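User: Please take a close look at one part of this model, the enclosed space inside the protein and the residues around it. I should like a connected account that then moves outward to the neighbouring regions.

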Amino acid sequence: MDTAVKPGISPSLTLKRRFSAPPEKVFAAWTDPQKMMRWMGPQGAIRCEARNDLRVGGRYDITMIMADDEHNVGGVYREIVPNEKLVFTWAWRSTPERESLVTVTVKPDGAGSLMTLLHEQFFDEAARDRHNEGWTGTMLRLETFLHTDGMEKPHGKFVWNELNTRDVEGAKRFLGATLGWTFEASPMPNFTYWVIKKGDERIGGIFDLSSDTRCRGVPEHWLTYIAVDDVDARLKVALAAGAREGRPPQDIPGVGRMAVLQQPGGAMVAWLTPKPM
């Protein structure tokens, strides 16, 4: 993510993401209102309403509903290249005079896609930083959506690896120095989750054990996540088969619903029902 500001130039930010979905699915996620409503919005968004007139000069409007508020943003399409590029203005209803510009480009990358989001012409650095936090959470929601919309259901597949530690900064230094990984902050309620990246690919995460009192006494460890179609129902089956509950099912905003269990042999594992699935 590039947030450098040069004298006399309006602040901007660039985010890159690699998705397993082909370019046409990524482009459709940005342009089909029914699809936009399933992922657009930052972490904590309850739901989204979207409508658009997909043509150069056409307008779009998005309402992001939060627990105690709602945010309205809209703009006009400047450039549309199907499955490749989308350029549109961006202005919040509360501050219509602060219009910025978003450019989304999508390129084939093997069997998937490489998407670049450039958001420029911010009013100031504070606005840039707020949008960087919002877009980072929104990209997590887009990634989950693309993995589950019309694609093979991930039930039974390994989908994530997570380091659970109380020394987050020490772990980042070690993994960065030894493996060349980089780390991207993803703000969550009451703590920051760190996404592990290998280049542009998101390959895992780092969870701060000290942020959860239920983890008191739990040693540092790696936790594997397996996707399941219904974590609540599957956990009942697992408990009947001899497993023990490590962490009850809980909703992770923009990601899905997860639980941690101990298999009969003692191994700990996380089960996750991605949102949507």
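**From the surface to the interior**

Analyst: Asp-232 has contacts with Pro-249 and Arg-257, once neighbours within four places in sequence are set aside. The model is predicted, and this residue offers a point of reference outside the part in question. Asp-232 belongs to helix H5, which spans residues 231-240. Its relative accessibility is 29%, so Asp-232 counts as partly exposed. Between the C-alpha atoms of Asp-232 and Phe-174 there are 36 Å, with 58 residues separating the two along the chain.

The enclosed space itself comes next. The model has one cavity of 30 Å³ or more, and the volume of the largest cavity is about 60 Å³. The residues that line the largest cavity are Trp-30, Met-36, Met-40, Tyr-60, Ile-62, Tyr-77, Leu-86, Phe-88 and Trp-90. By class, this lining consists of nine nonpolar residues, with no polar and no charged ones. Two strands, E3 (59-65) and E5 (85-92), each supply at least two residues of the lining of the largest cavity. The most comes from E5, which gives three residues.

Trp-30 links this lining to the nonpolar interior. Besides lining the largest cavity, Trp-30 is among the residues with the most contacts inside the largest nonpolar core, together with Met-115, Trp-135 and Leu-142. That core has 33 residues, and helix H3 (residues 125-148) provides its largest share, six residues. Apart from this core lies another, of 13 residues, including Met-188, Tyr-193, Ala-270 and Leu-272.

Trp-135 has a wide set of partners beyond its neighbours within four places in sequence: Leu-13, Leu-15, Trp-30, Met-40, Trp-90, Val-102, Leu-117 and His-119. Among these partners, Trp-30, Met-40 and Trp-90 also appear in the lining of the largest cavity.

H3 and E5 also take part in an open space. The second largest pocket holds about 630 Å³. It is lined by 24 residues, of which His-71, Trp-92, Arg-130, His-131 and Gly-134 are the closest to its centre. Strand E4 (70-81), E5 and H3 each contribute at least two residues to the lining of this pocket, and the largest share, eight residues, comes from H3. Its lining divides into ten nonpolar, ten polar and four charged residues, whereas the lining of the largest cavity has no polar and no charged residues.

Two loops beside these elements deserve mention for their backbone angles. Asn-83 lies in the loop between E4 and E5, and its phi is near 65 degrees, a positive value in a residue other than glycine. With a relative accessible area of 34%, Asn-83 is partly exposed. Gln-121 is located in the loop between strand E7 (112-120) and H3. Its phi is likewise positive, near 65 degrees, in a residue other than glycine, and Gln-121 is partly exposed at a relative accessible area of 44%.

The cysteines complete the account. Cys-48 has a relative accessibility of 5% and therefore counts as buried. Cys-215 is also buried, with a relative accessible area of 7%. The number of disulfides in the model is zero.

Key. Residues are numbered from 1 along each chain as its sequence is written. This is a predicted model: local features need pLDDT of at least 70, side-chain atom pairs count only at pLDDT 80 or more; totals for chains, interfaces and linings use all residues. Side-chain values use heavy atoms; hydrogens and water are left out. A disulfide is a pair of cysteine sulfur atoms within 2.5 Å. Buried means under 20% relative accessible area, exposed over 50%, partly exposed in between (1.4 Å probe, protein chains only). On a 1 Å grid over the protein atoms alone, a cavity is a set of points where a 1.4 Å probe fits but cannot get out, and a pocket is an open set with protein on both sides within 12 Å along at least five of seven lines; lining residues have an atom within 4 Å of a point. Grid points are joined across faces, edges and corners, and a volume is the space filled by probe spheres set on the points. Helices (H or I, at least four residues) and strands (E, at least two) are DSSP runs, numbered from the N terminus. Ala, Val, Leu, Ile, Met, Phe, Trp, Tyr, Cys and Pro count as nonpolar, Asp, Glu, Lys and Arg as charged, and the others, Gly among them, as polar. A nonpolar core is a set of buried Ala, Val, Leu, Ile, Met, Phe, Trp, Tyr and Cys residues joined through side-chain atoms within 4.5 Å. Contact means heavy atoms within 4.5 Å.
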